[in-house]
Amino acid sequence: DYNQVSNNCKRVMKWVWRGEFNPATKSEYERTKDQLSREVFDGKPFQELSPEEQAGLVLTRLKKYAKNAYKKTKDKKDEERSNTVCMRENDMYVA
């Protein structure tokens with residue numbers, strides 16, 4: 001096993017995570033879900049819909065809300081992260 005303290009093969013590698021997400025906050029998500037739970041879709045209450053249908057409705061409603069409140073439907077973020085790689089186990093990382 002290469003992942004031990006005694007091995008001197010560890011190398012910290014930096015990389016950039018790029019994420020796209022909805023700009024709405026968790027409380028706005030919960031409020032949207034609560035509003036939908038009081039509505040009826042095609043003669044069925046929201047709770048009786050399948051989880052996929054519920055997720056689609058929540059997503060659609062959140063996109064509409066974000067477009068009105070934030071004037072955008074996606075927020076983008078670049079974040080630098082790092083991972084440790086063992087150079088013996090993955091020899092392609094040897095410098």
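Guide: Helices (DSSP runs of H or I, at least four residues) and strands (runs of E, at least two) are numbered from the N terminus, and in this predicted model K71, just after helix 2, takes a positive phi of about 65 degrees. Local features need pLDDT of at least 70 and side-chain atom pairs pLDDT 80 or more, while totals for chains, interfaces and linings use all residues. Residues are numbered from 1 along each chain as its sequence is written, and side-chain values use heavy atoms, without hydrogens and water.

Visitor: How do you know that the span of helix 2 agrees with its 20 residues?

Guide: The expected span is 1.5 Å times one less than the number of residues, which gives 28 Å for residues 51–70, and the end C-alpha atoms are 27 Å apart, so the two agree.

Visitor: Which residues of helix 2 are called buried, and why are they said to line one face?

Guide: Q54, V58, L62 and A66 are the buried residues, a term for under 20% relative accessible area, with exposed over 50% and partly exposed in between (1.4 Å probe, protein chains only). Seen down the axis of helix 2, they fall within an arc of 95 degrees, taken from the directions from the axis to the C-beta atoms, so they line one face. The face turned away carries the exposed E52, T60, K64, K67 and N68, whereas helix 1 (26–37) is part of what covers the buried residues.

Visitor: What makes up the largest nonpolar core?

Guide: A24, L36, F41, F46, L49, V58 and L62 make up this core of 7 residues, and the term applies because it means buried Ala, Val, Leu, Ile, Met, Phe, Trp, Tyr and Cys residues joined through side-chain atoms within 4.5 Å.

Technical notes:
Contact = heavy atoms within 4.5 Å.
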